[in-house]
Amino acid sequence: MDEVLPGVVRLREQREALTKHTILRAARELFAERGYANTPVRLLAQRAGVALQTVYATYGSKAGVLAGMPDLLDHEAGVVDLFASRDSIDDPVELVGLLAKIARQIRERGGDIIKIMKSGAAVGGAEILAEGHRRRRLGVLSILERVETLGALGLPHDRAADIAVALMTDEVCDVLVDQGGWSYQEYEDWLKATLAKQLL
């Protein structure tokens, strides 16, 4: 019996993860089409192909679904895999380039999710943006710690993180890509070079 249980638990966890992902993807579509405020949970359940009670059991409320959007954004942008590669990189320029690649992929693959998070924040879900900012700063700190272990960080750790987070804000990407017409590759190349110049 003990030998079977771990496999059963893993299967249940996989099923729960799939259900969460399915609901979040449906929410991404509907919130983009109709707006967060104008999307009833009933319609969300229908689009996801699950029972209404499944949405409530999984996320508790529509606000709970919105709170899951940073997880979907990280997944869609491949953030976890990019961060996992940092320990195999020994070149400080390539490490700050990793920050630039993460910023680019988040915007390129999940720009619509960011807009959803901002629209949700406007109707009372401000903590959703705070969570996004928290994750960004933790990611930056993680990579800068690696740069620091290589002896390549040119200023105090917290100050370096402040500068990196500021350069990686959505507003900078908005100005360059959305308003300026830069390609995402041009944005990534500029961000990598700027981070290297400012931090190393």
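Here are a few short exercises, each with a worked solution, on the predicted model shown above.

**Exercise 1. Get to know the fold**

Find out how many helices and how many strands the protein has, and what box its C-alpha atoms fill.

*Solution.* Begin by counting the elements: the protein has 11 helices and zero strands. Next, walk along the chain from the N terminus, and the order reads α-α-α-α-α-α-α-α-α-α-α. Finally, take the principal axes: along them, the C-alpha atoms fill a box of roughly 55 × 50 × 25 Å.

**Exercise 2. Decide how far to trust the model**

Work out which element has the lowest mean pLDDT and which the highest.

*Solution.* Start with the whole protein, where the mean pLDDT is 89 and 92% of the residues reach 70 or more. Then go through the elements: helix H1 (residues 4–34) has the lowest mean, 79, while helix H11 (residues 184–199) has the highest, 97. Now look at residues 1–5, where the pLDDT is below 50. Beyond near neighbours in sequence, this stretch makes zero contacts in the model. Keep one general point in mind here: where pLDDT is low, predicted coordinates should not be read in detail.

**Exercise 3. Explore where the two domains meet**

Describe the interface of domain 1 and domain 2, from the residues in contact to the salt bridges across it.

*Solution.* First, place the domains: the assignment gives domain 1 as residues 1–60 and domain 2 as residues 70–199. Their C-alpha centres are 28 Å apart. Second, look at the contacts, in which seven residues of domain 1 meet 11 residues of domain 2. Third, consider the area: about 770 Å² is buried between the two domains, and carbon and sulfur atoms give 67% of it. Fourth, turn to the polar side of the interface, where four residue pairs are in polar contact and three salt bridges are found. On the side of domain 1 that touches domain 2, the residues are four nonpolar, one polar and two charged.

**Exercise 4. Follow two salt bridges**

Identify the partners of Arg28 and Asp74, and give the distance between the closest N and O atoms in each pair.

*Solution.* The structure holds 20 salt bridges, so let us pick out two, recalling that side chains of opposite charge can pair when their charged atoms come close. Arg28 pairs with Asp112, with 2.7 Å between the closest N and O atoms. Asp74 pairs with Arg135, and here the distance is 2.8 Å. To finish, locate this second pair: Asp74 sits in helix H5 (residues 69–77) and Arg135 in helix H8 (residues 126–149), 61 residues apart, linking distant parts of the chain.

Key
Residues are numbered from 1 along each chain as its sequence is written. This is a predicted model: local features need pLDDT of at least 70, side-chain atom pairs count only at pLDDT 80 or more; totals for chains, interfaces and linings use all residues. Side-chain values use heavy atoms; hydrogens and water are left out. Domain bounds come from an automatic or database domain assignment. Contact means heavy atoms within 4.5 Å. Buried area is the accessible area (1.4 Å probe) that two parts lose on being put together, summed over both. A salt bridge is a side-chain nitrogen of Lys or Arg within 4 Å of a carboxyl oxygen of Asp or Glu. A polar contact is a pair of N or O atoms within 3.5 Å; within protein, one must be able to donate a hydrogen and the other to accept it, and residues adjacent in sequence count only if both atoms are side-chain atoms. Ala, Val, Leu, Ile, Met, Phe, Trp, Tyr, Cys and Pro count as nonpolar, Asp, Glu, Lys and Arg as charged, and the others, Gly among them, as polar. pLDDT is the predictor's confidence in each residue, from 0 to 100. Helices (H or I, at least four residues) and strands (E, at least two) are DSSP runs, numbered from the N terminus.
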